[in-house]
Amino acid sequence: MQENRTQLEQLNATVRTLRNKCAWTNALTHESLRTYLIEESYEVLDAIAEQNPSLLKEELGDLYFQILLHSLIAEEHGQFGLEDVAETLNAKLLRRNRHIFDEQGQVRQEIITDVDEIIRVWDAAKQAERAGQPRKRKNAGLPAGLPALALAQKLLDRHARAGSEQTATGLVSQQLRERVTDERSLAAELMALSARAEELGLDAESVLRAALGQQYGAETDATTSRKSPLKR
C-alpha cells in the first residue's frame with residue numbers, strides 16, 4: 001500500500017481487490033445489491049435517530065461501500081466509473097443551485113437567502129433539465145420504491161408546488177383538521193388507521209400505494225392489499 005495515498009484512494013483499492021479476489025464480492029450485481037443498499041440506508045437513519053456520531057460514521061461507510069461497488073460494476077461493463085459519478089453530481093449541484101453559482105460555476109456576488117425563492121430557483125432548474133427530454137418515470141421524479149406514506153406526502157407537496165388541483169387541501173375534512181392538530185394527535189390517528197387495517201385484514205401500505213396509482217397515476221410496486229395469512 002502506497003503511503004502517499006489518501007484514505008479514499010486506499011479504500012477504492014481495497015474494494016477493487018475484494019472485487020477481483022473475493023468470490024462472493026465478485027458475484028455481486030446491481031440487482032443483487034438492491035437489498036443491501038436499502039438495509040444500509042435504513043441503518044444510517046437509525047444511527048441519526050440515536051444521535052450517535054461514531055455509529056453514524058460507521059454506517060455511512062457501509063453505505064459508501066455500496067456506491068463504490070455499483071460504480072465498479074458499471075465500470076466493468078464500460079458504462080461509467082466513480083469519477084464519472086462525482087462529475088455528474090458536481091455538475092448537477094452547480095446547475096440546480098443557481099442562487100449560489102452562476103452559469104460558469106462561479107460563486108455569485110449576490111446570493112439569494114429567501115427560502116421560497118431558493119425553492120423556486122431549484123424547481124426551475126429541474127424543469128429546464130426535463131425540457132425536451134423523454135419522460136423517464138412518473139411520480140413527479142420520485143422513486144416508486146419509496147414507502148407509500150412518504151411517497152404520498154411528497155407527491156402532495158410536488159403537486160402543490162406545481163399549482164395542481166390534486167393537493168392535500170381537498171383531501172382533508174374539517175373533522176380531521178379538528179382531530180389532528182399536532183404530532184401526538186397525528187400519531188394517534190395513524191395508529192388508529194393501522195389498527196383498523198389490521199381488523200379488516202388489509203395491508204395498509206399496499207392499500208395506500210394502490211390509491212396513489214388511481215388518484216395520481218403514480219407508478220408503484222403495489223401488490224395485493226390483503227394480508228397474507230402466513231405473514232407475521
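**Chatting through glycine 81 and its surroundings**

Q: Where's glycine 81 in this chain?
A: Glycine 81 is in the loop between α4 and α5 (82–96). The helices here are DSSP H or I runs of at least four residues, strands are E runs of at least two, and both are numbered from the N terminus.

Q: Before we go on, what kind of model is this?
A: It's a predicted model, where local features need pLDDT of at least 70, side-chain atom pairs count only at pLDDT 80 or more, and totals for chains, interfaces and linings use all residues. Residues are numbered from 1 along each chain as its sequence is written, and side-chain values use heavy atoms, with hydrogens and water left out.

Q: OK, is glycine 81 buried or exposed?
A: Buried, because its relative accessible area is 7%; the cut-offs are under 20% for buried, over 50% for exposed and partly exposed in between, with a 1.4 Å probe and protein chains only.

Q: What does glycine 81 touch?
A: Skipping its neighbours within four places in sequence, glycine 81 is in contact with Ser71 and Glu75. Contact here means heavy atoms within 4.5 Å.

Q: How far is glycine 81 from serine 71?
A: Along the chain they're 10 residues apart, and their C-alpha atoms are separated by 5.1 Å.

Q: And which helix holds serine 71?
A: Serine 71 belongs to helix α4, which covers residues 53–76.

Q: Buried or exposed for serine 71?
A: Serine 71 has 3% relative accessibility, so it counts as buried. Apart from neighbours within four places, serine 71 contacts Phe80, Gly81, Leu82 and Val85.

Q: Switching to α4 itself, how does α3 pack on it?
A: α3 (residues 34–50) packs on α4 at an angle of about 160°, with the axes 8 Å apart. An axis is a line fitted to C-alpha atoms, for helices over the stretch in contact, and angles between N-to-C directions run from 0 to 180 degrees. That's why α3 and α4 are roughly antiparallel: angles over 145 degrees count that way, under 35 as roughly parallel, 65 to 115 as roughly perpendicular and the rest as oblique.

Q: Which α4 residues face α3 there?
A: Among those that meet α3 are Leu55, Leu56, Glu59, Leu60 and His70. From α3, the set includes Tyr36, Leu37, Val44 and Ile48.

Q: What about leucine 45, how accessible is that one?
A: Leucine 45, in helix α3, comes out at 48% relative accessibility and therefore counts as partly exposed. From leucine 45 to leucine 56 it's 8.5 Å, C-alpha to C-alpha, and 11 residues in sequence.

Q: How does α1 cross α4?
A: The axes of α1 (residues 7–21) and α4 come within 10 Å and cross at roughly 60°. That makes α1 oblique to α4. Leu8, Leu11 and Val15 are among the α1 residues meeting α4, where the partners include Phe65, Leu68 and Leu72.

Q: Further along, where's leucine 155?
A: Leucine 155 is in helix α7 (residues 148–161). Its relative accessibility is 3%, so leucine 155 counts as buried. The C-alpha atoms of leucine 155 and leucine 212 are 8.9 Å apart, with those positions 57 residues apart along the chain.

Q: Last one: what does the whole chain add up to?
A: The chain has 10 helices and zero strands. Of its 232 residues, 20% count as buried. Taking contacts between residues at least 6 apart in sequence, 49% join residues at least 24 apart.
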